[in-house]
Number of protein chains: 2
Amino acid sequence: MRKSTLSLVDDRPMRGANHSASAPVPPDGPDFELIELLFFAYRDFVGEPDRLLARHGFGRAHHRVLHFINRHQGLTVAELLDILEITKQSLARVLKDLVRGGFVEQRAGAEDRRQRLLFLTPRGQALAQGLAGMQGARIARALGATGAAHRPVIARFLAELIDSERGAEVATDPAAS
Amino acid sequence: MRKSTLSLVDDRPMRGANHSASAPVPPDGPDFELIELLFFAYRDFVGEPDRLLARHGFGRAHHRVLHFINRHQGLTVAELLDILEITKQSLARVLKDLVRGGFVEQRAGAEDRRQRLLFLTPRGQALAQGLAGMQGARIARALGATGAAHRPVIARFLAELIDSERGAEVATDPAAS
DNA sequence: GAAATATGTCAACAACATTGACTTAAATGG
DNA sequence: CCATTTAAGTCAATGTTGTTGACATATTTC
C-alpha cells in the first residue's frame, strides 16, 4: 500500500554554492543522506536472505555463522567468536541448531584436541551459497548500475567505516601499494 | 586481546588477468569482500551510537525513532510505521519510553484530530543530534579518506542496494536531471 | 600434578520483533 | 444521523538474539 509517502532522505536545502563540480553536496551538519542510505541499504541487504533462512527455521545469527564457516572452513570456535563478537552462549544456541540440522560438522583439532574445528557439510555449503548468491546478486546489480569501475572506491569507503582495530585486517586491495 | 587473527575478507585468489586497470577485482562468484565489508561497516556504524543510547537506557529502536522524527518533525504515527516497517506494537513500546523521558511530544493533528503528530523536544533534539553527530563524523572521516569527490558514487551504490519500491524515494541527487 | 585453556552448558534476563484481538476517538459517506 | 472506516493505543503470548554469571569437562602446558 505504502500510502503516506514522505520524501525520505535529502529534503535538506543545500547550503552555499554547490552547483556543478568540486565538492558534491558536502553537508555542514551530519550527512543525513548517507546515514539513511546505510540504514535502508543494510535492511534490504539482510532482509532478502532472512526470508530464505526462515524456511529452514533459521535467523540472521545462523546466516552469519554459516557465512564465516564457509569462508574459513576449519576455523575454531574461538576464532568464530572473535569475528562475530558475541558470547559463546549466543553462538552455542545457533551452532547447535546447525549441527543438529546437518549443516555444520565439528571435528577435534589435530594438534590441539580441545579445539572444535568447524566445517560446512554439503548441505551447509548449499545453504551458504544460496544466501551469498542473493547478497552477491544484489551487490552485482548495484555495482553495475553505479559503474563497476568504482568498486575500489566503495570498498575503501566501507573499510574506512570500520573501527580501526578490525580495519587493519580488511585490506581494500592487497595488490595495490 | 583479539588473539586469533584470521585474515578477514579477501583471501580468495584473483582469477584471470586482474592487474592494473579496466575491471578492478570482479568476482566470479558472490562478492564476498563487499558482503563482509557491509557487515562489519554497519556493525561499527551502529555500535558507537549504541553506547550513548545505553546511558539513557535506550536501544537501537529508540535511535531509529529519534532519528526519523528529527528528520520529519510532525510526521504521523502511520508515516513513521511506514518508514520503519515494524508493527505499531513494536513502535508503541519505544515511543512510550521516549515520551515518558521527555524526548518526544505528541500533538493531535490540526485537520485530522485522530492523528498524533510527533515532535522532538529540545531534549530529544539534543540526543538525536548527538547520535547523528557520531555517525556523521564516522562518515565524514571515511569519506575524507576515500576522497570526498566520490560521494555521489557511494550514495548511488547504496541507493541501488535498496529494494526498488523504496529506492524511488531516495534520490541520489535531486538537482541532477 | 597444578594451572591454564578450549569448549560446552544451565539459568536468568533484556531488547526487539512478531501475531492476534480488542478499544477508543474521530472522520467519512450514504 | 448513523454505519463504516480510519488512526492510534493496548493487552497478551511468543520467538530470536543478545547479555551475565556460574560451573563442568577435557586437554595442554609448565
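## Ground rules

A polar contact here is a pair of N or O atoms within 3.5 Å; within protein, one must be able to donate a hydrogen and the other to accept it, and residues adjacent in sequence count only if both atoms are side-chain atoms. This is a predicted model, where local features need pLDDT of at least 70 and side-chain atom pairs count only at pLDDT 80 or more, while totals for chains, interfaces and linings use all residues. Residues are numbered from 1 along each chain as its sequence is written, chains are lettered from A and ligands numbered from 1 in the order in which they are written, and side-chain values use heavy atoms, with hydrogens and water left out.

## Around DNA strand C

Let's start with DNA strand C, which has 26 residues around it. A residue is near a strand if one of its heavy atoms lies within 4 Å of it. The closest ones are Lys88(A), Arg114(A), Arg64(B), Gln89(B) and Ser90(B). Looking at the DNA side, 59% of the strand C atoms within 4 Å of the protein belong to sugar or phosphate, and the rest to bases.

Some polar contacts go to the phosphates: a backbone N or O atom of Arg116(A) sits 3.2 Å from a phosphate oxygen of DNA strand C, and a backbone N or O atom of Ala61(B) is also 3.2 Å from a phosphate oxygen of that strand. Arg93(B) goes for a base instead, with a side-chain N or O atom 2.8 Å from a base nitrogen.

Which helices help out? At least two residues each come from H3 (77-84) and H4 (88-100) of chain A, and from H2 (60-71) and H4 (88-100) of chain B. Helices (H or I, at least four residues) and strands (E, at least two) are DSSP runs, numbered from the N terminus. H2(B) gives the most, with 4 residues. By type, the surface near strand C has 4 nonpolar, 9 polar and 13 charged residues. Ala, Val, Leu, Ile, Met, Phe, Trp, Tyr, Cys and Pro count as nonpolar, Asp, Glu, Lys and Arg as charged, and the others, Gly among them, as polar.

## Around DNA strand D

Now for DNA strand D, with 26 residues around it; Arg64(A), Ser90(A), Arg93(A), Lys88(B) and Arg114(B) come nearest. Sugar and phosphate make up 55% of the strand D atoms that come within 4 Å of the protein. The surface near this strand divides into 4 nonpolar, 9 polar and 13 charged residues, and H2(A) gives the most, with 4 residues.

A side-chain N or O atom of Gln89(A) is 2.7 Å from a base oxygen of strand D. On the phosphate side, a backbone N or O atom of Arg113(A) lies 3.1 Å from a phosphate oxygen, and a polar side-chain atom of Gln106(B) is 2.9 Å from one.

## Inside chain B

Chain B has an open, antiparallel sheet of 3 strands in the order E1-E3-E2. Its edge strands, E1 (75-76) and E2 (104-108), each pair on one side only. Strands pair if DSSP finds at least two bridges between them.

H2(B) and H4(B) pack at about 75°, with axes 9 Å apart. Axes are lines fitted to C-alpha atoms, for helices over the stretch in contact (heavy atoms within 4.5 Å), and angles run from 0 to 180 degrees between N-to-C directions. That makes H2(B) roughly perpendicular to H4(B), a label covering 65 to 115 degrees; under 35 counts as roughly parallel, over 145 as roughly antiparallel and the rest as oblique. The contact residues divide into 8 nonpolar, 1 polar and 1 charged.
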